[in-house]
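Biologist: I've got the sequence and the model open side by side. Pick one spot, take me through it slowly, and then work outwards from there.

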Amino acid sequence: RGLIRFLYAELLMALHSEPQSIFESKSDGVFGIKSGISFHLYVSRRPCDSESGLLKSQSMSCGDKLLRWNVLGLQGALLSLFVAPVFCKSIVVGSSFDRVALLDCVY
């Protein structure tokens with residue numbers, strides 16, 4: 001949620017033509033991240049198992065969220081009307097790294 005608030009604030013700055021915004025206007029009418037700016041995600045431990053396709057829970061697992069962000073972007077549905085998709089350049093796992101579990105989440 002903090003990232004979404006940050007992106008909204010940056011979009012407002014871009015709409016007011018403030019040069020310090022991370023967004024710039026693109027030719028197709030939406031805003032995109034300026035070149036040289038990237039996002040990196042740090043998680044303190046390996047992502048939980050994905051529950052895609054299962055009806056065990058109404059909430060998404062953290063693995064499902066990583067997969068969604070990797071496909072649709074970090075910006076959320078409302079911001080996607082104004083902003084090109086924002087993706088993570090890298091994911092850093094603090095402990096209990098499991099390559100297979102992480103690959104399940106991002107591919």
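Modeller: Let's start at Gln 75, which is buried with a relative accessible area of 5% (buried is under 20%, exposed over 50%, partly exposed in between, using a 1.4 Å probe on protein chains only). Before going on, a word on what you're looking at: this is a predicted model, where local features need pLDDT of at least 70, side-chain atom pairs count only at pLDDT 80 or more, and totals for chains, interfaces and linings use all residues. Residues are numbered from 1 along each chain as its sequence is written, and side-chain values use heavy atoms, leaving out hydrogens and water.

Gln 75 sits in the loop between helix 2 and helix 3 (helices are DSSP runs of H or I with at least four residues, strands are runs of E with at least two, and both are numbered from the N terminus). Its side chain makes polar contacts with backbone atoms on two residues. One polar side-chain atom of Gln 75 is 3.1 Å from the backbone oxygen of Leu 72, and the backbone nitrogen of Val 86 lies 2.9 Å from a polar atom of that side chain. A polar contact here is a pair of N or O atoms within 3.5 Å; within protein, one must be able to donate a hydrogen and the other to accept it, and residues adjacent in sequence count only if both atoms are side-chain atoms.

Val 86 is worth a second look: it is 11 residues from Gln 75 along the chain, with 5.9 Å between the two C-alpha atoms. Leaving aside neighbours within four places in sequence, Gln 75 is in contact with Ile 4, Leu 7, Ser 80, Ala 84, Pro 85 and Val 86 (contact means heavy atoms within 4.5 Å).

Now step back along the chain to helix 2, residues 62–72, whose buried residues are Gly 63, Asp 64 and Leu 66. Viewed down the axis of helix 2, those buried residues fall within an arc of 160°, so they line one face of the helix; the arc is taken from the directions running from the helix axis to the C-beta atoms. Just after helix 2 comes Gly 73, with a positive phi of about 105°.

Next, the largest pocket, which holds about 330 Å³ of space. It has 16 lining residues, and the closest to its centre are Leu 3, Ile 4, Trp 69, Leu 74 and our Gln 75. Helix 1, strand 3 (39–43), helix 2 and helix 3 (76–79) are the elements that give two or more residues to this lining, and helix 2 gives the most, with four. For the record, the search runs on a 1 Å grid over the protein atoms alone: a pocket is an open set of points where a 1.4 Å probe fits, with protein on both sides within 12 Å along at least five of seven lines, and lining residues have an atom within 4 Å of a point. Grid points are joined across faces, edges and corners, and the volume is the space filled by probe spheres set on them.

Trp 69 also leads us to strand 3, where Leu 41 lies. Neighbours within four places aside, Leu 41 is in contact with Leu 66, Trp 69, Cys 88, Ser 90, Ile 91 and Val 92. Leu 41 and Ser 90 are 49 residues apart in sequence, yet 6.3 Å apart from C-alpha to C-alpha.

Helix 1 has its own buried polar residue, Glu 10, at a relative accessible area of 8%. A polar atom of the Glu 10 side chain is 2.8 Å from the backbone nitrogen of Ile 22. Glu 10 also touches Ser 21, which is buried at 1% and sits in the loop between helix 1 (2–15) and strand 1 (23–25). The Ser 21 side chain has a polar atom 3.1 Å from the backbone nitrogen of Phe 23.

Ser 17 lies in that loop between helix 1 and strand 1 too, but counts as exposed at 64% relative accessibility. Most residues other than glycine have a negative phi; Ser 17, not a glycine, has a positive one of about 55°.

Zooming right out, the chain has four helices and four strands, in the order α-β-β-β-α-α-β-α. Of its 107 residues, 27% count as buried.
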